[in-house]
Amino acid sequence: MPRISKYWDEKREVARHREYVTHTGKYKGAPISATSTGIGCPAAAIAIEELLRVGAHTFIRVGTTGAIQPEIKVGDLVISTAAVRLDGASKQYVRPEYPAVAHYEVVMALIEAAETLGVRYHVGITASTDSFYTGQARPGYKGYMQSWMKDLIPDLRAARVLNFEMEASIIFTLSNIYGARAGAVCAVLANRITDEFIMDAGVENAIRVANEAVRILYEWDQVKREKGRAYFYPSLLR
């Protein structure tokens, strides 16, 4: 959490339990909080459930990812519009046909933030899985594989899925079920197709973009209240 909150104007730690650490404060006048969720959708689901109970209404996943499209460079960012639900946790909430979709306002705010900060980014669909190894087509212990694993990346690539990560699907699914907003911005540490990897590449940019997106959403929410509108659209800023 200090890595995110170091950019804020005000910050303080308000909770710490196991892997869940929460900082809250202000960024350029906007109220903001950040919570670590550990790894995977089951842990993230606990965080979303409990953050909703204390008043959170907008969630932005900030993390790292592996790209599966060759044009995505290590160090770029991926802004997710939706997630393929390859996890198990979201299926405990709703049937698998239910889409895991990011909120359009959060997607737009992340895009605007990335443009403002001048960082390279891509926008599209993410695949979320609970498994870092076999669920992302990596061999398990002693090379363990099943036949479907070998087809996973080619099938996802054919469907124009951009990347693998491990939390977006549950964050999007729960946010839609419970009437909250959610999005995700991830730094590309690896490209599985070009076989490139750089530890920590782009992470600071992802953090900066997420913080700036919170400020943008805060300002848009103020405009919506002033003009009596439930949804943001660009001409509200005129």
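**Exercise 1. Classify Asp221 as buried or exposed, and list what its side chain meets.**

Solution. At 13% relative accessibility, Asp221 is buried, because the class covers values under 20% relative accessible area, with exposed over 50% and partly exposed in between (1.4 Å probe, protein chains only). The structure is a predicted model, in which local features need pLDDT of at least 70, side-chain atom pairs count only at pLDDT 80 or more, and totals for chains, interfaces and linings use all residues. Residues are numbered from 1 along each chain as its sequence is written, and side-chain values use heavy atoms, with hydrogens and water left out.

Step 1: place the residue. Asp221 belongs to helix α6 (residues 203-227). Helices (H or I, at least four residues) and strands (E, at least two) are DSSP runs, numbered from the N terminus.

Step 2: find its neighbours. With residues up to four places away in sequence not counted, Asp221 touches Glu105 and Arg181; contact means heavy atoms within 4.5 Å.

Step 3: look for a polar contact. The side chains of Asp221 and Arg181 make one at 2.8 Å. The term stands for a pair of N or O atoms within 3.5 Å; within protein, one must be able to donate a hydrogen and the other to accept it, and residues adjacent in sequence count only if both atoms are side-chain atoms.

**Exercise 2. Carry out the analysis for Gln69, which is in the loop between β4 (58-67) and β5.**

Solution. Step 1: the relative accessible area of Gln69 is 3%, so Gln69 is buried.

Step 2: leaving aside neighbours within four places in sequence, the contacts of Gln69 include Leu156, Arg157, Arg160 and Val161. Leu162, Asn191 and Ile193 are also in contact with Gln69.

Step 3: the side chain of Gln69 is joined to that of Arg160 by a polar contact of 3.1 Å.

**Exercise 3. Determine which strands pair with β5, and in what sense.**

Solution. Step 1: apply the criterion that two strands pair if DSSP finds at least two bridges between them.

Step 2: take β7 (residues 121-129). β5 and β7 pair in the parallel sense over 9 bridges, and Ser80 has Gly124 of β7 as its bridge partner.

Step 3: take β9 (residues 181-191). This pairing with β5 is antiparallel, over 3 bridges, and Leu77 stands opposite Ala187 in β9.

Step 4: take β6 (residues 100-101). β5 and β6 run antiparallel and are joined by 2 bridges; Ala82 has Val101 of β6 as its bridge partner.

Step 5: check the cover. β5 (residues 77-86) is mostly covered, with 7 of its 10 residues buried.

**Exercise 4. Compile the contacts of Ile48 and Tyr178 with residues distant in sequence.**

Solution. Step 1: Ile48 lies in helix α2 and is buried, its relative accessible area being 5%. Apart from neighbours within four places in sequence, Ile48 is in contact with Phe59, Ile171 and Leu174. Ile48 and Ile171 are 123 residues apart along the chain, while their C-alpha atoms are separated by 7.0 Å.

Step 2: Tyr178 is in helix α5 (residues 168-178) and is partly exposed, with a relative accessible area of 38%. Tyr178 touches Glu49, Leu52 and Tyr93, residues up to four places away not being counted. The C-alpha atoms of Tyr178 and Glu49 are separated by 9.3 Å, with their positions 129 residues apart along the chain.

**Exercise 5. Describe the second largest pocket by its volume and lining.**

Solution. Step 1: fix the term. On a 1 Å grid over the protein atoms alone, a pocket is an open set of points where a 1.4 Å probe fits, with protein on both sides within 12 Å along at least five of seven lines; lining residues have an atom within 4 Å of a point.

Step 2: the volume is about 270 Å³, counted as the space filled by probe spheres set on the grid points, which are joined across faces, edges and corners.

Step 3: the lining has 13 residues, and Tyr20, Thr22, Thr35, Ala47 and Glu50 lie nearest the centre. The elements giving two or more residues are β1 (10-17), β2 (20-27) and α2 (41-53). α2 gives the most, with 4 residues.

Step 4: by class, the lining has 6 nonpolar, 3 polar and 4 charged residues. Ala, Val, Leu, Ile, Met, Phe, Trp, Tyr, Cys and Pro count as nonpolar, Asp, Glu, Lys and Arg as charged, and the others, Gly among them, as polar.
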